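Trainee: I would like a close look at one part of this protein. Please take the aromatic rings, and then show me how they fit into the rest.

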Amino acid sequence: MALSAQHLSWRVGERAILADVSVELPQGQMLGIIGPNGAGKSTLLRCLYRYLTPSQGDITLFGRAVSDFSARSFAQQVAVVLQDTPHHFDMTTAQLVALGLTPHKGAFSLTSDQDKHEVRRALATVGLTALADQGYEQLSGGEKQRALIARAIVQKPKLLILDEPTNHLDIRYQIQILELLRSLEMTVVISIHDLNLASALCDQLLLLDQGHAVAQGRPNEVLTEQRIAEVFEVCCQVSPHPQHGNPQINYFYGYHNVTQGETP
């Protein structure tokens, strides 16, 4: 198992942000973490990449407790792309991508020809070769996200964690980025709001609600009409997508005029 988290909880005072969440992910698969705002998605990711220490529970990475990794060795195993793209980077796209080499370099190591090759290959993988010498700040939102993924590729992780990487992007870039993630030869954990994108492009889904794990499994096991109604409080119709066969969700409307407590 690439990633295993057992009975994770994280509290702020008496308030449980995560409560007894368990998840397992085989190597090479992509897990989509879904749920309403405040469900605990980002908190779970922060526990997985060690930004937060769980109040209780255990996390293992490829059979080894994450607490046993040094900061350097953990960075060689896990790369993280956060929700919002960073700003005020006075560097080119290629220079930003080259930052991914840091966990594998000594303090005074020079950039080798092999390093430059790795950066070029990562830029080609994400389709940014032509923008290698352009300032990072001049890239579009979708291009910035692809540059950050290229930086993660150069880091050579076994596990890539992304917190809502499609946030604020138009649908074309959302699809491109998730398809890019699927094409990478690594295990991927991603939080995502769009249930149809998650259904189409994730191998497994973990549904959270109010800090609890409601369901984990293949998209057709997790995304049922009843479960979506209970967790997201919307009415929908779920049917197989005509292209890939996973659940396609069609929502019903009319909530603005519905009396509180009723459903449309």
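Mentor: This predicted model holds 1 aromatic pair. The two partners are F69 and F74. Their ring centres are 6.0 Å apart. Their planes meet at 70°, so the pair counts as edge-to-face. The cut-off for that label is over 60 degrees. Both F69 and F74 are buried.

F69 has another partner. The charged end of R64 sits over the ring of F69. The distance from that charged end to the ring centre is 4.2 Å. So what does F69 take part in? It pairs with F74, and it lies under the charged end of R64.

Now look for a charge over a ring elsewhere. The charged end of K144 sits over the ring of Y136. Here the distance to the ring centre is 5.5 Å.

K144 gives us a way into the core. Helix α5 covers residues 141–154. In soluble globular proteins, nonpolar side chains tend to be buried together. In this model, the largest nonpolar core has 51 residues. Helix α5 gives the most to it, with 7 residues. Which residues have the most contacts inside this core? They are I34, I149, L160, L162, L181 and L184.

Take L181 as an example. Set aside its neighbours within four places in sequence. L181 is then in contact with M30, I149, L160, L162, V188 and I190. I149, L160 and L162 are on the list of residues with the most contacts too. Apart from this core lies another, of 29 residues. Among its members are A5, W10, C47 and V189.

C47 points us to helix α1, residues 41–48. Is this helix mostly covered or mostly open? It is mostly covered, with 7 of its 8 residues buried. The buried ones are K41, S42, T43, L44, L45, C47 and L48. Just after α1, R50 takes a positive phi of about 70°.

Keep going along the chain. S55 is in the loop between α1 and β4, and β4 covers residues 56–61. S55 is partly exposed, at 45% relative accessibility. Beyond its neighbours within four places in sequence, S55 is in contact with S9, W10 and R11. W10 is one of the members of the 29-residue core. Now compare sequence and space. S55 and Q114 are 59 residues apart in sequence. Their C-alpha atoms are 42 Å apart.

W10 leads us back to strand β1, which runs over residues 3–12. H7 lies in that strand. H7 has a positive phi of about 55°, although it is not a glycine. Its relative accessible area is 45%, so H7 is partly exposed. Q210 also has a positive phi, of about 50°, and is not a glycine. Q210 is in the loop between β9 (204–209) and β10 (212–217). At 63% relative accessibility, Q210 is exposed.

Next, the loop between α4 and α5. Helix α4 covers residues 113–125. Both G127 and Q138 are in this loop. G127 is exposed, at 54% relative accessibility. Q138 is exposed, with a relative accessible area of 58%. G127 and E143 are 16 residues apart in sequence. Their C-alpha atoms are 8.9 Å apart in space. Q138 and T93 are 45 residues apart along the chain. Their C-alpha atoms are separated by 9.3 Å.

Finally, step back to the whole protein. How many helices and strands are there? The count is 9 helices and 12 strands. The radius of gyration is 20 Å, close to the 18 Å that the globule rule gives for 264 residues. So the protein is as compact as a globular protein of that length. Its C-alpha atoms fill a box of roughly 65 × 40 × 35 Å along the principal axes. Of the 264 residues, 45% count as buried. Take the contacts with a separation of 6 or more. Residues 24 or more positions apart account for 64% of them. The accessible surface comes to about 13,600 Å². Carbon and sulfur atoms hold 47% of that surface.

Terms used. Residues are numbered from 1 along each chain as its sequence is written. This is a predicted model: local features need pLDDT of at least 70, side-chain atom pairs count only at pLDDT 80 or more; totals for chains, interfaces and linings use all residues. Side-chain values use heavy atoms; hydrogens and water are left out. Buried means under 20% relative accessible area, exposed over 50%, partly exposed in between (1.4 Å probe, protein chains only). Helices (H or I, at least four residues) and strands (E, at least two) are DSSP runs, numbered from the N terminus. Rings of Phe, Tyr and Trp (its six-membered ring) pair if their centres lie within 6.5 Å; planes under 30 degrees apart count as stacked, over 60 as edge-to-face and the rest as tilted. A charge sits over a ring if NZ of Lys or CZ of Arg is within 6 Å of the ring centre and within 35 degrees of the ring normal. The radius of gyration is taken over C-alpha atoms; the globule rule is 2.2 Å times the number of residues to the power 0.38. Contact means heavy atoms within 4.5 Å. Accessible areas come from the Shrake-Rupley method with a 1.4 Å probe; for residues, only the protein chains shown count as cover. A nonpolar core is a set of buried Ala, Val, Leu, Ile, Met, Phe, Trp, Tyr and Cys residues joined through side-chain atoms within 4.5 Å.
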